[in-house]
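I opened this model to look up its ring contacts, its cysteines and its strands, and I kept the entries in the order in which I worked.

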Amino acid sequence: MMHLNISATAHGPNYLPQYYAEQEGLFGARDIVVNDTACDPWTGVLDDLDSGAADVALGGLWVPGMYAQGPRELTVFAQVNHQFPKALVTRKQYPDFTWSDLEGATVLAPGIGGSAPFAFTAGLIRESGVDPSSITFLRDLSTPMFVELFEAGLGDAIILDMTTAEILQHRASGHIAIDYTVAGGLGPNSVYYCRTDRFAELSDRLFVFVSALQESMQLLKSVTSDDLSPLLAAHWPAIPAAVLAKSCDTMLHSRTWDTVCIDADATNRWMRILHEERMVQTAPTFEQLVDTSIVDQLSPAASSTSLQ
């Protein structure tokens, strides 16, 4: 029996394919035990990779991107999110929202879990032709704190994960103005990576894990949020069932869980956005970040290079 230890930056519904694979016995059928831990603070994933407590980290591609020319050698080998399942929630409802509606506005950008929500939003704003500097961004506080302050009247909009966005809409304290799975295009939001010096040692286990994850994604294409409600309730019992269902439906009907294969063009676009935000000195390329040898062993349908 093989074992794989994963340290994740969060425990969120966007990671559902991994949890569904566990529930459906896809890991067990392949004689692998997957142990998953969510780190608080999220930077603990890097400590766990260093200490060997974790074989693999699960989190944003921006982290290996920032370390590509830095002190850590990390290898990305698969993804769990093919899109960014996030949303912009506005205080007032817009009949036909455009990014230019934020000019002069104040936007809350939770950042204690990382800079990706702000950076990707700024990238979308810039791609639309609007200058992000025309908007005031309040950053670096936790999502719960910013949600509390937003509901108390601070700011005109807030950037949130899809589930928290649905919570605010459910409470009638905000309106989803932009669904990033609709407006944001493709992007490797959450990926799996390991220390480069352990990649060869782990490769057999990584292939078994990724093949189960890909099967999970294929199975999710034929289920509904009603089918998933027991799993959702077991993992997030404090969130109203209706909210979990709406968030899950959004991801099920998007391309978020399309494939474990990371798209090269989407990766290069994300790294360009990071470079525009001065988060990297030079934009690392797909080839510098991603080793495709694991996903290349999957069936041709799973590892197709035509992901558009």
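**Charges over rings**

I began with the arginines and found the charged end of R91 over the ring of F150, 4.2 Å from the ring centre. I counted a charge as sitting over a ring if NZ of Lys or CZ of Arg is within 6 Å of the ring centre and within 35 degrees of the ring normal. R139 gave another case, with its charged end over the ring of F118 and 3.8 Å from the centre.

I note that this is a predicted model, in which local features need pLDDT of at least 70 and side-chain atom pairs count only at pLDDT 80 or more, while totals for chains, interfaces and linings use all residues. Residues are numbered from 1 along each chain as its sequence is written, and side-chain values use heavy atoms, with hydrogens and water left out.

**Aromatic pairs**

I searched the whole structure for aromatic pairs and obtained 13. Rings of Phe, Tyr and Trp (its six-membered ring) pair if their centres lie within 6.5 Å, and planes under 30 degrees apart count as stacked, over 60 as edge-to-face and the rest as tilted. One of the pairs is Y94 with F97, which is edge-to-face at 5.1 Å centre to centre with 75° between the planes. The rings of F97 and W99 have centres 6.1 Å apart and planes at 75°, so I entered this pair as edge-to-face.

I then checked accessibility (buried is under 20% relative accessible area, exposed over 50%, partly exposed in between, with a 1.4 Å probe and protein chains only). Y94 counts as partly exposed because its relative accessibility is 25%, whereas F97, at 11%, counts as buried. W99 is buried as well. Following the ring pairs onward, I arrived at a cluster that links F84, Y94, F97, W99, F120, Y180 and W270.

**Cysteines**

How many disulfides does the structure hold? I found 0, taking a disulfide as a pair of cysteine sulfur atoms within 2.5 Å. C39 is in no disulfide, and the nearest cysteine sulfur, that of C194, is 16 Å away. C39 counts as buried at 14% relative accessibility. Why is the sulfur of C261 in no bond with that of C194? The closest cysteine sulfur to that of C261 is the one in C194, and it is 17 Å away, so it is too far for a bond. C261 is buried too, with a relative accessible area of 5%.

**Strands**

I took helices (H or I, at least four residues) and strands (E, at least two) as DSSP runs, numbered from the N terminus, and two strands as paired if DSSP finds at least two bridges between them. An open sheet is formed by 5 strands in the order 7-6-8-5-9, with mixed pairing. Its edge strands are strand 7 (136–139) and strand 9 (175–179), each of which pairs on one side only.

Strand 5 (residues 86–90) and strand 9 are antiparallel and share 4 bridges; T90 has H175 in strand 9 as its bridge partner.

Outside these entries I looked up strand 3 (residues 56–60), which is mostly covered, with 5 of its 5 residues buried. Strand 3 runs parallel to strand 1 (residues 2–8), joined by 3 bridges, and A8 stands opposite L58. Strand 3 also pairs with strand 10 (residues 190–195) in the antiparallel sense over 4 bridges, where G60 stands opposite S190.
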